[in-house]
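The exercises below work through one protein model, from its overall form down to single residues. Try each task before reading its solution.

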Amino acid sequence: MPELPEVETISQQLARKIKGKKIKKIEVRLKKVIQARSFNFFKNQVEGAKIKKVWRRAKMIIIDLNNNYSLVGHLKLTGQLFFVKELKPENLKKYTHLIYHFSDKSCLIYNDLRQFGYVKIIKTADLDKFFQEKKLGPEPLDKNFTLEKFKTLLKQKPRSRIKILLMDQSFLAGIGNIYAQEICWGAKVQPQRRINTLIDKEIKLIYTCLIKILKQAIKDKGTTAADEHYQDTAGKKGKYVFKLKVYQKQGEKCSRCKKGMIQRINLGGRGTSYCPICQK
Ligand SMILES: [Zn+2]
């Protein structure tokens with residue numbers, strides 16, 4: 001599933017590519033991807049509106065329109081957003097569900113093989129309330145997310161296991177199964193460690209790795225791991241996949257200590273890999 005770096009990549013690219021464009025027409029091939037009070041309501045608000053701003057909150061892409069409404073999209077497992085200057089037949093897939101046609105002939109295409117993703121329309125003024133109802137934790141790359149803040153949040157969850165907590169969207173927004181494992185490896189802590197067993201030095205290292213890994217992954221335009229559908233808005237795969245240390249590396253030798261064999265365990269229902277030697 002696309003996590004913070006992937007969704008941030010898409011949002012940044014879209015901000016550059018579609019800001020200021022006018023949506024002339026929408027073409028809907030599968031109505032269920034649209035979550036609105038009615039399909040016509042969605043169509044009426046979106047057609048004719050201009051794109052004011054594109055940004056990200058947690059794993060959602062927010063497109064503010066110039067009519068006081070915003071589109072909130074979630075890619076879930078297999079959603080893709082592609083931008084094309086001109087629509088060609090080869091751009092369309094069996095699982096293309098929605099196409100935004102802009103007035104200059106460029107298009108934004110929404111594909112979703114498994115159909116878990118969605119786009120909602122919400123009044124821009126109601127976005128804060130919407131995020132509050134979702135009980136989203138802070139943004140890890142926000143300047144207010146300091147080491148002190150991280151420590152305060154951790155203190156409230158002493159019995160939680162670090163990797164599961166990092167993935168908890170109400171604790172911290174945007175981190176999922178790939179980056180939570182990579183952060184634990186980076187910080188040399190085993191993913192199943194309980195918060196109340198972590199010493200100060202380890203907490204500091206988890207915090208540093210978290211910021212460093214997310215920032216680097218954004219630079220590399222995210223991760224497209226084996227059997228994942230994530231691509232950026234130009235259809236390119238995420239290059240952070242070449243920097244992964246533990247995710248999908250089970251059975252391989254650890255690249256840091258050269259001694260441990262990466263092990264895969266089940267933690268909170270999710271496959272989790274780590275090095276049993278250099279992660280303590
Ligand atoms: Zn190791």
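**Exercise 1. Overall form**

What percentage of the 280 residues in the protein do buried residues make up? State also how the radius of gyration compares with that of a compact globule.

Solution. The model is a predicted one. A residue counts as buried if 20 or more other C-beta atoms lie within 10 Å of its own. Buried residues make up 34% of the 280 residues. For the second part, a compact globule with 280 residues would have a radius of gyration near 19 Å, and the protein has 20 Å, so the value agrees with the rule. Along the principal axes, the C-alpha atoms fill a box of roughly 55 × 40 × 30 Å. The secondary structure comes to seven helices and 11 strands. Among contacts between residues at least 6 apart in sequence, 62% join residues at least 24 apart.

**Exercise 2. Two domains**

Find how the protein is divided into domains, and describe the side of domain 1 that touches domain 2.

Solution. Start with the bounds: domain 1 covers 4-133 and domain 2 covers 147-274. The centres of domain 1 and domain 2, taken over C-alpha atoms, are separated by 29 Å. Next, count the residues in the contact: 17 come from domain 1 and 18 from domain 2. On the side of domain 1, the elements giving two or more residues are α1 (4-18) and β6 (79-84). Of the elements on this side, α1 gives the most, with nine residues. Last, sort this side of domain 1 by class: nine residues are nonpolar, four are polar and four are charged.

**Exercise 3. A four-stranded sheet**

Give the strand order of the open sheet of four strands, and explain why β1 and β6 each have one side without a neighbour in the sheet.

Solution. The order is β1-β7-β8-β6, and the pairing is antiparallel. β1 (23-28) and β6 stand at the edges with a single partner strand each, so one side of each has no neighbour in the sheet. From one strand to the next, the twist averages 15°. Now take one pair: β1 and β7 (residues 96-102) pair in the antiparallel sense over five bridges. Within this pair, Glu27 has Ile99 in β7 as its bridge partner. Finally, look at the helix on the sheet: α1 packs there, touching β6 and β8 (107-112), and its direction makes about 25° with that of β6.

**Exercise 4. A buried valine**

Is Val119 buried or exposed? Which residues does Val119 touch, not counting those up to four places away in sequence?

Solution. Val119 is found in strand β9 (residues 118-123). There are 24 C-beta neighbours inside 10 Å, so Val119 counts as buried. The residues that Val119 touches are Val33, Ile34, Gln35, Leu71, Val72, Gly73 and Leu98. Take Gly73 from that list: it lies 46 residues from Val119 along the chain, yet 4.2 Å separate the two C-alpha atoms.

**Exercise 5. Positive phi angles**

Locate Lys105 and Lys135, and say whether each is buried or exposed. Then find the residue with a positive phi in the hairpin of β3 and β4.

Solution. Most residues other than glycine have a negative phi. Lys105 is not a glycine but has a positive phi of about 80°. Lys105 is in the loop between β7 and β8 and is exposed, with 11 other C-beta atoms within 10 Å. Lys135 also has a positive phi, of about 55°. Lys135 belongs to the loop between α3 (127-133) and α4 (147-155), where it is exposed, with 9 other C-beta atoms within 10 Å.

For the hairpin, note that β3 (residues 51-57) and β4 (residues 60-65) run antiparallel and are joined by six bridges. One of the partnerships links Ile51 to Leu65 in β4. Two residues lie between the strands, and Ala58 takes a positive phi near 55°.

**Exercise 6. A covered helix**

How many of the 10 residues of helix α6 (residues 177-186) are buried? What do they pack against?

Solution. Nine of the 10 residues are buried, and the helix is mostly covered. Among the buried residues of α6 are Tyr179, Glu182 and Trp185. The buried residues pack against α5 (162-167), α7 (200-219) and β11 (270-274). After α6 comes Lys188, with a positive phi near 60°.

Definitions and conventions. Residues are numbered from 1 along each chain as its sequence is written. This is a predicted model: local features need pLDDT of at least 70, side-chain atom pairs count only at pLDDT 80 or more; totals for chains, interfaces and linings use all residues. Domain bounds come from an automatic or database domain assignment. Ala, Val, Leu, Ile, Met, Phe, Trp, Tyr, Cys and Pro count as nonpolar, Asp, Glu, Lys and Arg as charged, and the others, Gly among them, as polar. A residue is buried if 20 or more other C-beta atoms lie within 10 Å of its own, exposed if 12 or fewer, and partly exposed in between; C-beta atoms are placed from the backbone. Two residues are in contact if their C-beta atoms, placed from the backbone, lie within 7 Å. Two strands pair if DSSP finds at least two bridges between them. Axes are lines fitted to C-alpha atoms, for helices over the stretch in contact, and angles run from 0 to 180 degrees between N-to-C directions. The radius of gyration is taken over C-alpha atoms; the globule rule is 2.2 Å times the number of residues to the power 0.38.
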